[in-house]
Amino acid sequence: MAPEDNRGFNVYKGLQKPLVFKSLKGRYIYWGLASVLTGFFAAVVLSVSLNFFSGLVALVVVTFGGMGFTAMQQKKGLHHKTKSKGVYIMPAQWRRSARR
């Protein structure tokens with residue numbers, strides 16, 4: 001079969017699905033990356049300014065805390081909305097007058 005005969009459309013099966021990397025989806029990939037980079041930055045700053053142990057503690061706490069928070073937020077869904085609890089009563093602003 002000649003290459004000229006192979007005309008057609010490419011099929012992209014990955015469209016309309018969120019990007020997934022290491023079990024993180026969509027925007028949470030950036031959240032996870034930010035928590036890891038913040039942990040490394042905090043570790044470097046504290047290791048230089050204080051001591052190695054405080055940098056190590058900051059690395060573990062910030063990185064794993066951020067990844068845990070990211071995983072917790074991801075469980076709510078990619079497009080979670082603010083859900084208000086309770087019953088809201090809207091006051092009537094325009095009422096008909098009783099007299100006609």
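Reader: Which residues form one aromatic cluster?
Author: In this predicted model, a search of the whole structure finds two aromatic pairs. One pair joins Tyr-28 and Trp-31, and the other joins Trp-31 and Phe-69. The residues of the one aromatic cluster are Tyr-28, Trp-31 and Phe-69.

Reader: Is the pair of Tyr-28 and Trp-31 stacked or edge-to-face?
Author: Tyr-28 and Trp-31 both lie in helix 1, three residues apart, about one turn of the helix. Their ring centres are 5.0 Å apart and their planes stand at 75°. Planes over 60 degrees apart count as edge-to-face. The pair of Tyr-28 and Trp-31 is therefore edge-to-face.

Reader: Which of the two terms, stacked or edge-to-face, describes the rings of Trp-31 and Phe-69?
Author: The ring centres of Trp-31 and Phe-69 are 6.2 Å apart, with the planes at 5°. Planes under 30 degrees apart count as stacked. The pair of Trp-31 and Phe-69 is therefore stacked.

Reader: How many residues apart in sequence are the parts that Trp-31 and Phe-69 tie together?
Author: Trp-31 belongs to helix 1, whereas Phe-69 belongs to helix 2 (residues 52-75). The pair therefore ties together parts whose separation in sequence, in residues, is 38.

Reader: Is Tyr-28 buried or exposed?
Author: Trp-31 is partly exposed, at 32% relative accessible area, and Phe-69 is partly exposed, at 43%. Tyr-28 has 0% relative accessibility, and the cut-off for a buried residue is under 20%. Tyr-28 therefore counts as buried.

Technical notes
Residues numbered from 1 in each chain as written. Predicted model: local features only at pLDDT ≥ 70, side-chain atom pairs only at ≥ 80, totals over all residues. Heavy atoms only, no water. Phe/Tyr/Trp six-rings, centres within 6.5 Å; stacked < 30°, edge-to-face > 60°. Helix = DSSP H or I, 4+ residues; strand = E, 2+ residues; numbered from the N terminus. Buried < 20%, exposed > 50% of the residue type's maximum accessible area, 1.4 Å probe, protein only.
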